[in-house]
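Please open the model in your viewer and keep the selection panel at hand. The tour proceeds by selection, with a short description at each stop.

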Amino acid sequence: MNDTALLQNNSATFGAACAAIEEVLPHFADVVRRNPGVTAKAIGSWDLSQVACHVSHVIEKDTDALLRTPLPYVELSPAAVGVMTNQMLAEDTERDVKVLADRIIALGARFLALKANPPTEPVTWIGGTQLPPHAVACHLLEELLVHGHDVAQAAQTRWSIEPAHAALAITGAAVPIIGGSPASWVRRGANPQLKARLETRLRGFDRFVLEFDNGLHVEYPPANKRADAYLSADPAALLLVMLGRQSHWHALARGKVLAWGRRPKALLTVLHNITPP
């Protein structure tokens, strides 16, 4: 792909991410606003109001990254990012869901204002990782989709993830984020001699490859090379599996994912040796 085509592709994906965010963000804010006093845990030790507060921080920091405002430095790893997000929650004590919903709408409007003149060059994200601007936009979409699932679970209400939105979050955010810093997503203690090539086919959408061979590698689009295992997946189900909200066994049992290939255990090898992006 030449530079002009790449720029057009990045611009189109950024626009698609913003269009999806325009749909999802008001629904997220509405679930938050309509559920004051919910104390059930949404994810880990966080309740609904804490998740909402965290999402407001994500919107703010992703906007800062696109505006080239330096982010606080933190190593790009699940553990280090977890420490940072908990510290931000401790420092920001707002827990009124109506105030948080208003904040999310206002910050979302600031983010979406960027679609009029989106950045085109790579930006510096968490841990100094260089990402195309569309990956940052798709990351925000990913956070809204998955944390929307979290708050809906806590509030015992329905949350629907559109397949197209999930596919965009996976290929537009998770894939480039893993590719931007692959070592950050390998589980501690993983065998450095691991070899496994998994091709994932998002039903109705794109394909990508995760491969262990002298480290973790990402291919999108995949090279014309035979994989050890193949995975056909409903995008919404796979997003929840990738972000640790759903067991891959649960998704397999419901037919949301289907695996095959000459070495099907390669699927488990990949899943067991990466951490959620």
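What follows is a sequence of selections in a predicted model.

**Helix 2 and the residue after it**

Begin by selecting helix 2, residues 48–66. Of its 19 residues, 17 are buried, and helix 2 is thus mostly covered. At 1.5 Å a residue, helix 2 should span 27 Å, and this agrees with its end C-alpha atoms, which are 27 Å apart. Extend the selection to Arg68, which follows helix 2 and has a positive phi, near 65 degrees.

**Helix 3 and its cover**

Next, select helix 3, residues 78–91. The 14 residues of helix 3 have an expected span of 20 Å at 1.5 Å a residue; the end C-alpha atoms are 20 Å apart, in agreement. Which residues of helix 3 are buried? They are Ala80, Val81, Met84, Thr85, Met88 and Leu89. Display the surroundings of these side chains: the elements that cover them include helix 2 and strand 2 (46–47).

**From helix 3 to helix 4**

Now select Asp92, which lies in the loop between helix 3 and helix 4 (97–112). Asp92 forms a salt bridge with Arg103, and the closest N and O atoms are 2.7 Å apart. The pair links distant parts of the chain, since Arg103 is in helix 4, 11 residues from Asp92. Colour the two residues by accessibility: Asp92 has a relative accessible area of 16% and is therefore buried, whereas Arg103, at 23%, counts as partly exposed. As general background, side chains of opposite charge can pair when their charged atoms come close. Across the whole structure, a search finds 14 salt bridges.

**Strands 5 and 6**

Move to strand 5 (residues 195–202) and strand 6 (residues 207–213). Select Arg197 and Glu211, which form a salt bridge with closest N and O atoms 2.9 Å apart. Arg197 lies in strand 5 and Glu211 in strand 6, so the pair ties together parts that are 14 residues apart in sequence. Are Arg197 and Glu211 buried or exposed? Both are buried.

Then select Glu199 and Arg201, another salt-bridged pair, whose closest N and O atoms are 2.9 Å apart. Glu199 is buried, with a relative accessible area of 3%, while Arg201 is partly exposed at 32%. To conclude this stop, add Glu219 and Lys225 to the selection of Arg197 and Glu211: salt bridges that share partners join these four residues into one network.

**A buried glutamate in helix 5**

Select Glu143 in helix 5 (residues 133–155). Glu143 is buried yet has no salt bridge. Where is the nearest side chain of opposite charge to Glu143? That side chain belongs to Arg245 and is 6.9 Å away; a salt bridge would require a separation within 4 Å. Show the contacts of Glu143 as well: leaving aside residues up to four places away in sequence, Glu143 touches His54, Val58 and Gly148.

**Cysteines**

For the last stop, select the cysteines. How many disulfides does a search of the whole structure find? The search finds 0. Cys18 is accordingly in no disulfide, and the nearest cysteine sulfur, that of Cys138, is 8.9 Å away; a disulfide would need the two sulfur atoms within 2.5 Å. Cys18 counts as buried at 1% relative accessibility, and Cys53 counts as buried at 0%.

Terms used:
Residues are numbered from 1 along each chain as its sequence is written. This is a predicted model: local features need pLDDT of at least 70, side-chain atom pairs count only at pLDDT 80 or more; totals for chains, interfaces and linings use all residues. Side-chain values use heavy atoms; hydrogens and water are left out. Buried means under 20% relative accessible area, exposed over 50%, partly exposed in between (1.4 Å probe, protein chains only). Helices (H or I, at least four residues) and strands (E, at least two) are DSSP runs, numbered from the N terminus. Lys and Arg count as positive and Asp and Glu as negative; His and the chain ends are not counted. Contact means heavy atoms within 4.5 Å. The expected span of a helix is 1.5 Å times one less than its number of residues.
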